[in-house]
Amino acid sequence: MEYNPRPIEAKWQKKWEQEGTYRTKTDPSKPKFYVLDMFPYPSGAGLHVGHPLGYIASDIISRYKRHSGYQVLHPMGYDAFGLPAEQYAVQTGVHPSQSTKENIDRYREQLSNIGFDYDWSRSFATCDPKYYRWTQWIFIQMYSHYYCTETQRAKPLSELENLFSKSGNRDVPAFSGQDPEVFSASEWNEMNPYEKDQALMNYRLAYRKTSHVNWCPELGTVLANDEVKDGRSERGGYPVEKKPMVQWSLRISAYSERLLNDLEGLDWSESLKIVQRNWIGKSTGATVCFSVKLSERKIEAFTTRPDTLFGVTFMVLAPEHPLVDEITTSDRQKAVNEYRKKAASLSDRERQANVDQVSGEFTGGYAFHPITGEEIPIWISDYVLMDYGTGAVMAVPSDDERDRKFASHFNLPITEVYDKSSGENDVNKYKSIHSDFLNGLNVPDALKKIIDYLEQSKIGKAEVRYKLRDAIFSRQRYWGEPIPIIYDRDGVSRALKEDELPLELPTIDDFKPGSDGRSPLSRVKEWVELPGGYRRETDTMPGFAGSSWYFLRYMDPHNEEEFASEEAIQYWREVDLYVGGTEHAVGHLMYARFYHKFLNDIGKVPTAEPFKKLINQGMIQGVIESLYMDKRTADPVRFVCASLAEKEGLEHFSKVLVHADFVDNYGAEDSYLSGEGVKKFTGWNKSFEGAIFECPGGVTNRGKFTPGEGSTATDSHLLTHSEVGKMSKSKYNVINPDEVIEEYGTDCFRMYEMFLGPIEQSKPWDTLGIEGVSKFLRRFWNLYFKEEQFYIEDAKPEKECLVVLHQTIKRVREDIERFSFNTCVSHFMVCTNELRKINCHHREVLEPLIVLIAPFAPHIAEELWSKAGHTNSVALQPYPEFDPGILKKDSVVYPVAVNGKKRTEMEFATSASKDEIESAVRDNEVVKKWSEGKSIKRIIVVPNKMVNVVVV
């Protein structure tokens, strides 16, 4: 009977859904296992073959754990708010809710087509008011809490207000990333509501302040650093500028030390932990205060090397520093303003990355050295960030590479403060010079002495700082969760009450952002303006708001009283296995860990971390095809064959991307454009309609090839340039999984993706390779058929059959536990070939094999299980255990050596004693030959390994 996968797969997918095969319940009698894929954003393009890689891996683990007796939670939903849907609405007028629903429906169809064991009854989208009610509720909790530095936990803000009313804020144990003004209890009690509200903003975990943000006027919203590239928005390529705006932020910086320390207990890759540690960026050092000439203001600078203070020869401020306007002299104003404008077009990431490009401007202002009193020039430069540290750097060019480059570029003085003439590699052994009372001290002693001096002199203090910045939470757009805050006539903020949630988005038809930097919601007067003079906040939440806690909602998704019941949370606790891409190494994972720690602080979750084990799947890459375009000719445009480009010099050519569908032999070394391919290319890109396409055999003009003298068919092919890279719509190399599945079947697609290589590594998609997996599945299917009829016999199998089965069980179980899915597929292939050779049709062998392969190829497994006479799902069967006794050999072949050189082999029963082996070796004719005329001194028997006869 021929294997025809598509009807089989459709049949079982329908049956799973009808019978609720993968519905999950909270069952305390069973151990639990929570496996989760990172939240997908449902884009209009749908899935390509790279997207399901991690999903298939997690599905195998989910099915394996269910087979192993666990109660498995494996849900799927959609991160549905975001800028793409809103931009689409601006361009087309289609409401984001409509386009998002259409995209979700397409994703659901594609995901179901791949046969995942998701519990779809738990599915949700972050744009559903029933879900984002709880996203708003969490925000309100953050707004209503502060971070206590004594207990290192979040506490209700009401407790802080009580402290203020009794003792003010001078020594209050509350974290504040800002530098709040000090007030007494009486001053607090005399403040009006607006003043109290502003003072509390310095301590709330969700707070409002003026921040310098990446503002994109064209998109009308603030962008995160990773959404900006080369001064332009990643989406659309629009100019981005730095702009001070009043924004809501989350005080994630309060959790820096806990986020850092708790990495140690996580089963994550060390490389991922390093990325998180670097992003948190813990630094130990001191802050130093510098007085400013002709000003009452002071500049506070943080340094990890206060021992080099006597080497400070200039200061550098961030271009956005508020002091720049005050200290810039009139003769420097124009140059400083131009530089600030240029710096505003760069993202923080770009400014930090430009280590080899030195730039800056002198402000004309000076600070005083806090010890020597010498005047120090104040510069601005884009390498100093306003939101990192204090926005000011005390520059020590003798001991800092970036400061040295800056000083050398602008011819500023360099004062050596350590004697490095000895060539000593250990910096701690250097001795201080030119450093007054520090002279002669090594680095550790100098550090201790200078910090004591700074604190005694009240010009500085020891401090620990972190690079981790608070998360800007406001977005000036429509398609996001409304922020549940209202303001009275005086601008005093108030959170909505719980019974006022969810605060739903109003329906609008104009999604364009306001030119004044306000969101489209600001134009909806009937929504914004409330009775009693109140008005709503019109910014919406960022994309990470809904995706930072979604894993908790899956535990109890239909609960209308709380985001999840205590019973459900206590049972599922945290995610046991989280699978997703490395692109989320900092943003999503950091925010999710922060949210979880906050919810743990307020008693809503029992664990300190949300994800116990994390696997970053690699990328499935595509082949990027391009043509060589001659940069020396413009009219007409000239394209040449790869071989001609190499002959004429590649420096004369630029590469133009070609759609994969136009290329013959796509992905191969000899991929090319035929005359037909040229027609498709010029029809697709009208600007090249008049182009010349030249190859060794002749010239193709306007899609018509004119052969050269003596040309061959191969000569007339326009060879393309092929390289492996990211699979994406912009590279025109996307492969739709629906098309692959339609041709080869879902199980083949699943097993091929796993067969490509280790899950963590990137690997190119090779359509030719899938043929091998397809043939394997047909061979596997045929194990269960004889003369076109399903056939399994109940007779006792030979040991040879059982050994093949149990070797495979052992190897597959071990490799699943190691997430080595590619080798599992290899084991199945080897097993199938071995069983075919020995013509095995025994139920005792073939039925366990069905269950064994079920996590990888669930549809073929269900069909064969059913044909074997079973009425229940194979997904609910116990996973096969291997029997060590079956794999135990009855005899062992020993190599026998004489004086270390192998001379023969002898076979012994595994039960043979050492004495029996020695006796047989002595009587062996070969051993007698090599020991003739000599005496056997001793016989060394290494059990189950070898025998060595020592003769003298």
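In this predicted model, one open sheet is built from four strands, laid out in the order β38-β37-β40-β39 with mixed pairing. The edge positions go to β38 (901-909) and β39 (936-942); each has a single partner strand, so one side of each is left without a neighbour in the sheet. Going from one strand to the next, the twist averages 20°.

Zooming in on the β39 edge, the partner there is strand β40 (residues 946-951), and the two run antiparallel, joined by six bridges. One residue pair to look for along this seam is Ile936, which sits opposite Val951 in β40. There's also a helix to reckon with: α31 (residues 914-923) lies across β38, β39 and β40 as well as β37 (891-898). Relative to β39, helix α31 runs at about 130°.

Elsewhere in the chain numbering, another open sheet turns up. Here four strands follow the order β6-β5-β9-β19, and the pairing is antiparallel. Its edge strands are β6 (221-223) and β19 (471-472), each of which pairs on one side only. At the β19 end, the contact in the sheet is with strand β9 (residues 241-250): the two pair in the antiparallel sense, over two bridges. As for who faces whom, Ser249 has Ile472 in β19 as its bridge partner.

Put side by side, the sheets read as follows: β38-β37-β40-β39 has mixed pairing, whereas β6-β5-β9-β19 is antiparallel. At the edges picked out here, six bridges join β39 to β40, while β19 and β9 pair over two bridges.

Methods:
Residues are numbered from 1 along each chain as its sequence is written. This is a predicted model: local features need pLDDT of at least 70, side-chain atom pairs count only at pLDDT 80 or more; totals for chains, interfaces and linings use all residues. Side-chain values use heavy atoms; hydrogens and water are left out. Two strands pair if DSSP finds at least two bridges between them. Axes are lines fitted to C-alpha atoms, for helices over the stretch in contact, and angles run from 0 to 180 degrees between N-to-C directions. Contact means heavy atoms within 4.5 Å.
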